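The following exchange examines how several structural terms are applied to one model. Each reply sets a value against its definition.

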Amino acid sequence: MTAQIIDGKQIAGTLKDKIAAAITERSHAGLPVPGLATVLVGNDPPSQIYIKNKIRTCQELGIHSFSHTFPEETTQAALEELVLALNDDPLVHGILIQLPLPPHLDTFRLLSRINPQKDVDGIHPINAGLLSRKEGTPWFIPCTPAGILYLIQTVTPDISGLEAVVIGRSAIVGMPTAQLLCRHDATVTICHSKTRQLPDICRRGDIVVAAVGKSHLVKAAWIKPGAIVIDVGINRTPDLADPRGYHITGDTDFEAIRQTAKAITPVPGGVGPMTIAMLMQNTLTAAIRI
Ligand code: NDP
């Protein structure tokens, strides 16, 4: 079997076209344009690229972006003050704090200051708590997990009863992805750095989501024939032939897994574009609700 390549770039492109059309329709109707405030602290190069891409996509889709960039040594108090001001700003419908923050800052405390109704990253403890309860309705689902589910459902719309293995349990990717798949009635196993027999557990998965940050960790022999494989990893692999000095790889052995899986996302061009599209969707949703 040669796997279907799940083209996240194309799927995200279609979604972004719909979002742009909805925004145009809103502005013709005299309704406010959605506004997204982004907060970047420090000089982490990948974070700078992610924020740049998010702001560029806002511009493409007609979303107002309000960019706040701070030096590494910014205090907790200054950032909390900004978040509280953004909560009160009627032009700002969504607030995104780019993670990770520098280590001297209390990330959990800062995220907790965001109004959950503007928490377009779905990471506020209230939204995270609501996601974990089947009867709960979070204001927002975190963007990467929402994108992962969207991509899976382009292959298999109904995942009820399927075995899903999620490798990684971070607050922004692994854990909410597992919760989201569980809410859609998959039978979910969460794996992490202390998991024993990871290959054996993976082989049970009708769906395998790799969100680790370790290049090519997941091998073809770990994948059940016919499984759907979602590769979330973004790893910089040194490459002197590339002008950047590195190229991007995922967490899976893509070429080998292609031979056995039913479908797989590429890196780049899989989950990454969907994360941004979902952020735009959440920002539009926030504006519609107000
Ligand atoms: P974290 O470092 O926060 O979490 C990594 C997770 O992987 C942890 O739960 C860790 O376990 C687990 N882990 C580490 N080593 C192993 C191992 N050998 N076997 C099994 N599990 C292991 O990373 P993130 O969740 O933030 O991101 C994961 C990857 O996804 C990164 O490459 C990141 O760049 C990428 N990413 C991509 C996005 C996109 O839009 N495409 C968006 C966000 C992230 P433990 O909990 O025990 O430490």
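**Terms and their grounds**

Q: What makes the approach of T275 to the ligand a polar contact?
A: A polar side-chain atom of T275 is 2.7 Å from an oxygen atom of the ligand. A polar contact is a pair of N or O atoms within 3.5 Å; within protein, one must be able to donate a hydrogen and the other to accept it, and residues adjacent in sequence count only if both atoms are side-chain atoms. The T275 pair therefore qualifies. Taken alone, the ligand exposes 930 Å², of which the protein buries 71%; these accessible areas come from the Shrake-Rupley method with a 1.4 Å probe, and for residues only the protein chains shown count as cover.

Q: How do you know what kind of model this is, and which numbering and atoms apply?
A: This is a predicted model, in which local features need pLDDT of at least 70 and side-chain atom pairs count only at pLDDT 80 or more, while totals for chains, interfaces and linings use all residues. Residues are numbered from 1 along each chain as its sequence is written, and side-chain values use heavy atoms, with hydrogens and water left out.

Q: Why are the approaches of S193 and I234 to the ligand called polar contacts?
A: A side-chain N or O atom of S193 is 2.6 Å from an oxygen atom of the ligand. For I234, a backbone N or O atom lies 3.0 Å from a ligand oxygen. Both pairs therefore meet the definition.

Q: What makes a residue count as near the ligand?
A: One of its heavy atoms must lie within 4 Å of the molecule. There are 21 residues around the ligand, and R169, S170, S193, I234 and T275 come nearest.

Q: Why is the pairing of D185 and K134 called a salt bridge?
A: The term requires a side-chain nitrogen of Lys or Arg within 4 Å of a carboxyl oxygen of Asp or Glu. The side chains of D185 and K134 meet at 3.1 Å, N to O, so the pair qualifies. The two residues are 51 apart and link distant parts of the chain. By this rule the count is 10 salt bridges.

Q: What makes the phi of D185 worth noting?
A: Phi of D185 is near 70°, a positive value in a residue other than glycine. D185 sits in the loop between α7 and β6; helices (H or I, at least four residues) and strands (E, at least two) are DSSP runs, numbered from the N terminus.

Q: How do you know the form of the peptide bonds leading to P100 and P268?
A: From L99 to P100 the bond is cis, with omega near 5°. From V267 to P268 the bond is cis, with omega near 0°.
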